[in-house]
Amino acid sequence: MATEYKLRMGDGKRIFMTKEQIVADLKEGMADAADLGSIPDLSEDELDKLVDIITMPSRMVGVEQGKEVPVTHDIGTIRIDGDQGNSGVGIPSSRLVGAMMHERAFGADTMELGHIDYSYKPAKPVIAQEMQTMEICQQNMIVPMLYGAMPNMGLYYTPDGPFENPGDLMKAFKIEEARQSMEHSAEHLTRDIVWIMQRMMASGSDGVNFDTVGAAGDGDMYASLHAIEALRKQFPDIYIEAGMAGELMLGMHGELEYDGTTLAGLWPHEQAPLVAKAGANVFGPVCNTNTSKSAAWNLGRAVTFIKAAVKASPIPCHVNMGMGVGGIPMLETPTIDAVSRASKAMVEIAGVDGI
Amino acid sequence: MSNEEMFKELADAVVTCKKDVVTAAVEKARSEGIPAPEIIEKGLAAGMNEVGVLFERGKLFLPHVMMAAGAMEEGVKLLEADMPKDAVTKKLGVIVNGTVEGDVHDIGKAIVSTMLQSAGFEVHDIGRDVPLQNFIDKIKETNADMVGLSALMTTTLQGQKDVIEMLKENGMRDNVKVMVGGAPATQAWAEKIGADCYAENASEAVVKAKELLL
């Protein structure tokens with residue numbers, strides 16, 4: 001009987017596979033990424049290395065000495081205090097305590113301050129509190145402390161915002177009106193992000209994290225890139241991190257461009273140069289996990305996508321690793337066997353600069 | 001031109017997403033004596049399937065899907081006189097779609113609604129953060145064949161299970177198919193709560209809906 005190895009499905013379920021099955025799934029996942037993104041396959045050596053990582057007997061694995069990379073956290077300040085609705089652990093603590101725990105106990109290399117609603121728009125009415133908290137964090141911490149939130153352009157559509165919901169307009173075949181609604185929303189989103197960051201920079205912030213760029217489609221990315229550009233002009237030394245929402249830029253509008261490139265339909269390796277061009281320091285590529293496929297399939301696919309993004313990116317790539325992204329299963333608290341294997345593969349094969 | 005070439009021309013016309021191109025192709029097919037049902041099924045519908053594939057591959061986008069659906073609708077209108085009335089107006093099925101109570105995520109669900117609508121289903125999108133009773137009420141009101149339940153948070157997934165229980169309590173479960181989706185939903189979750197299917201994305205939602213309702 002062939003030796004079987006413990007793996008997981010994309011939904012976290014424990015499965016057992018032979019080496020041959022693992023190799024077949026790795027190749028299939030890789031081929032899917034290569035086909036969709038028109039990017040190169042992994043080499044035979046890289047596939048062998050992936051097999052080694054997946055089949056390592058240890059429950060938890062780590063990168064080889066000398067290959068350590070910086071690790072940063074989004075939403076981290078409220079991950080301690082927040083309940084499960086915020087993917088938190090529900091331990092009563094202030095945001096300062098949450099940030100300091102990440103810095104001093106968990107080894108985070110950069111940290112961010114985030115509001116419990118975690119979008120830029122709802123930070124506007126509480127900006128004074130955000131500024132004060134940033135100042136206190138900066139007085140107590142050493143690692144770079146950014147302000148972070150989701151651009152989340154959906155908050156500008158009805159019923160949350162002033163512009164008619166493009167989803168409703170689209171279903172009524174009012175395509176031009178839907179596009180105009182997105183364009184207006186994008187203008188407001190850019191303006192709000194810049195307004196908030198002007199105040200956070202005045203409070204000592206080291207920079208900004210754009211978390212889940214493109215969650216509301218290409219208009220969301222359009223607004224974010226313009227905000228990055230404006231912030232870079234106003235604050236030449238600001239540290240800007242831009243992490244994506246998903247692997248493919250959804251074309252809700254379909255025709256928005258940045259620097260002559262249509263945003264809809266961009267894959268990670270095509271997103272990276274635009275993010276750099278706008279003025280970001282770090283790009284956060286994403287590859288989504290398919291819950292119906294094995295960890296081998298997902299990891300083969302994710303590493304292929306992210307490797308191409310790293311190669312194409314003029315700025316460092318800090319890959320998004322967590323629940324349902326980066327080849328990691330879709331679990332509220334992803335298992336360490338899957339997280340550590342996917343992370344090792346991203347560093348040693350995809351060549352990411354950070355996580 | 002052979003029928004096969006004509007069907008390809010019709011399908012290609014739909015992929016252009018342009019009404020005038022589609023209507024011109026339909027007129028041409030009619031003038032060549034191709035029966036209306038074949039023009040629709042082998043030409044226009046095949047073109048919409050291709051649009052779905054291109055959407056999934058990131059080559060066409062939501063507005064294009066809607067434009068293609070609109071163009072196809074115009075083409076079908078031209079054929080109405082040649083078709084039995086119910087064959088033209090009959091939808092593939094009635095679907096109520098929404099994001100369950102406590103969850104304000106809207107965009108993914110809206111994409112699924114749009115794709116289902118463009119595929120020929122009658123879709124009643126009842127929004128996000130929808131009180132669970134509203135799903136039951138809307139299903140009754142529209143005599144729906146299927147309900148789509150979206151949730152983007154692990155904390156709101158339970159709402160999908162609750163709606164299924166409510167369908168059973170109301171004696172409606174046997175007549176209504178249940179599709180679940182959203183980032184934390186999985187095939188295993190769908191099986192656990194007794195849903196009829198789980199869809200990974202909007203394109204898959206269309207495929208699964210067709211499998212269950214046609």
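**Entry 1. Contact between the chains**

I began with polar contacts and counted nine residue pairs between chain A and chain B, both residues of each pair being at pLDDT 80 or more. I note here that the model is a predicted one.

I then asked which elements of chain A supply two or more residues to the side that touches chain B. They are helix 1 (19–37), helix 7 (166–171) and helix 8 (175–202) of chain A. Helix 7 of chain A provides the largest share of that side, with three residues. Sorting the residues on this side of chain A by class, I recorded 14 nonpolar, 13 polar and six charged.

I next looked up the extent of the contact. On chain A, 33 residues are in contact with 31 residues of chain B. The size of an interface is often expressed as the accessible area that is lost when the parts come together. For chain A and chain B, I found a buried area of about 2500 Å². Carbon and sulfur atoms give 60% of that area.

How many salt bridges cross the interface of chain A and chain B? I found three. One of them I examined individually: R128(B) is joined to D160(A), and their closest N and O atoms lie 2.9 Å apart.

**Entry 2. Two domains in chain B**

I turned to chain B by itself. Its domain assignment lists domain 1 (3–82) and domain 2 (94–213). I read a distance of 29 Å between the C-alpha centres of these two domains of chain B. Each domain of chain B brings nine residues to the contact.

The area buried between domain 1 and domain 2 of chain B is about 680 Å², with 74% of it from carbon and sulfur atoms. Which residues of domain 1 of chain B lose the most area to domain 2? I noted F55(B), L62(B) and M66(B), which together account for 52% of what the domain 1 side buries.

I looked for charged pairs as well, and the count of salt bridges between domain 1 and domain 2 of chain B is zero. I did find one residue pair in polar contact across this interface, both residues being at pLDDT 80 or more.

The elements that give two or more residues to the domain 1 side are helix 3 (36–56) and helix 4 (62–78) of chain B. Helix 3 of chain B gives the most, with five residues. By class, I divided the residues of the domain 1 side of chain B into six nonpolar, two polar and one charged.

**Entry 3. The sheet of chain B**

I traced an open sheet of five strands in chain B, and I wrote down their order as 2-1-3-4-5. Is the pairing parallel or antiparallel? I found that the pairing is parallel.

Why do strand 2 (122–125) and strand 5 (197–198) of chain B each have one side without a neighbour in the sheet? These strands stand at the edges and each has a single partner strand, so one side of each is left without a neighbour.

I then followed one pairing in detail. Strand 1 (residues 94–99) and strand 3 (residues 146–150) of chain B pair in the parallel sense over five bridges. Within this pairing, I identified M146(B) in strand 3 as the bridge partner of I95(B).

**Entry 4. Backbone details in chain A**

I closed with two loops of chain A. The peptide bond from T158(A) to P159(A) is cis, and its omega is near 5°. I located P159(A) in the loop between strand 4 (145–149) and helix 7 of chain A.

The second loop lies between helix 7 and helix 8 of chain A, and F173(A) is found there. F173(A) has a positive phi of about 65° although it is not a glycine.

Key: Residues are numbered from 1 along each chain as its sequence is written. Chains are lettered from A and ligands numbered from 1 in the order in which they are written. This is a predicted model: local features need pLDDT of at least 70, side-chain atom pairs count only at pLDDT 80 or more; totals for chains, interfaces and linings use all residues. Side-chain values use heavy atoms; hydrogens and water are left out. Domain bounds come from an automatic or database domain assignment. Contact means heavy atoms within 4.5 Å. Buried area is the accessible area (1.4 Å probe) that two parts lose on being put together, summed over both. A salt bridge is a side-chain nitrogen of Lys or Arg within 4 Å of a carboxyl oxygen of Asp or Glu. A polar contact is a pair of N or O atoms within 3.5 Å; within protein, one must be able to donate a hydrogen and the other to accept it, and residues adjacent in sequence count only if both atoms are side-chain atoms. Helices (H or I, at least four residues) and strands (E, at least two) are DSSP runs, numbered from the N terminus. Ala, Val, Leu, Ile, Met, Phe, Trp, Tyr, Cys and Pro count as nonpolar, Asp, Glu, Lys and Arg as charged, and the others, Gly among them, as polar. Two strands pair if DSSP finds at least two bridges between them.
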